[in-house]
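Here are a few exercises on helix packing and nonpolar cores. Grab the model and work through them one step at a time.

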Amino acid sequence: MKIAICPGSFDPVTLGHLDIIERASELFDKVIVLVMSNSSKAGKTAFSVDERIELIKKCITKDNIEVDTYSGLLVNYAKEKGAVAVVKGLRAVSDFDYEFQQALINKSLNPNLETVFLPANGDNMFLSSSLVKEVCSLDGDISSYVPGEIVNDIYLRCKGDK
Ligand code: ADP
């Protein structure tokens, strides 16, 4: 059984994330969407870890996708779960430097864990969680950027923040 991990902050999950997660679920037997609670964004997120997990769960329909959270090193989580790969989405060259550095440090910490990059879908190239929050807080329509199931949750949290 080949297990892959899709890690991130997912504050909140967007159609860009979901595209990568679903494509990963076609390539691997099981995908674990891992809400990392230790990132530089900790304490600055719009949604708590539990809320982010609930939002992701509302959007996921496939049986081979699970959602979990972790606050330690990704490579240790991967070892615990027997995962063989980390799957990341790449939007533009600007993502590359950071993602490549992460992939290399993870490879150095655990040579058995591969990082697989999937190119973002053309429609989602510009999409990020922070843009969704920004548009929402300024009363813009976010329904093309996140699944319908969670539009209202995001609207309730982010609208009028500014
Ligand atoms: P982080 O906190 O690590 O920046 P994010 O939650 O923003 O994590 O994103 C998690 C992963 O999803 C990253 O690999 C990122 O490149 C990818 N990603 C984010 N937005 C998109 C998008 N619009 N299309 C494809 N991949 C994306």
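**Exercise 1.** Leaving aside neighbours within four places in sequence, which residues is isoleucine 154 in contact with?

*Solution.* First, the ground rules: this is a predicted model, where local features need pLDDT of at least 70, side-chain atom pairs count only at pLDDT 80 or more, and totals for chains, interfaces and linings use all residues. Residues are numbered from 1 along each chain as its sequence is written, and side-chain values use heavy atoms, with hydrogens and water left out. Now look for contacts (heavy atoms within 4.5 Å). You should find Pro12, Phe47, Val132, Cys136, Ile142, Val146 and Lys159 around isoleucine 154.

**Exercise 2.** Describe how H5 and H6 cross.

*Solution.* Helices here are DSSP runs of H or I with at least four residues, strands are E runs of at least two, and both are numbered from the N terminus. Take the axes, which are lines fitted to C-alpha atoms over the stretch in contact, with angles from 0 to 180 degrees between N-to-C directions. For H5 (residues 129-137) and H6 (residues 148-158), the axes come within 9 Å and cross at roughly 65°. H5 and H6 are therefore roughly perpendicular (65 to 115 degrees). On the H5 side, Val132, Lys133, Cys136 and Ser137 meet Ile154, Tyr155 and Cys158 of H6.

**Exercise 3.** Which residues have the most contacts inside the largest nonpolar core?

*Solution.* A nonpolar core joins buried Ala, Val, Leu, Ile, Met, Phe, Trp, Tyr and Cys residues through side-chain atoms within 4.5 Å; buried means under 20% relative accessible area with a 1.4 Å probe, protein chains only. The largest has 32 residues, and the top ones are Ile21, Val33, Ile56, Val87 and Ile154. H2 gives this core the most, five residues.

Notes: Parallel < 35°, antiparallel > 145°, perpendicular 65-115°, else oblique. Buried < 20%, exposed > 50% of the residue type's maximum accessible area, 1.4 Å probe, protein only.
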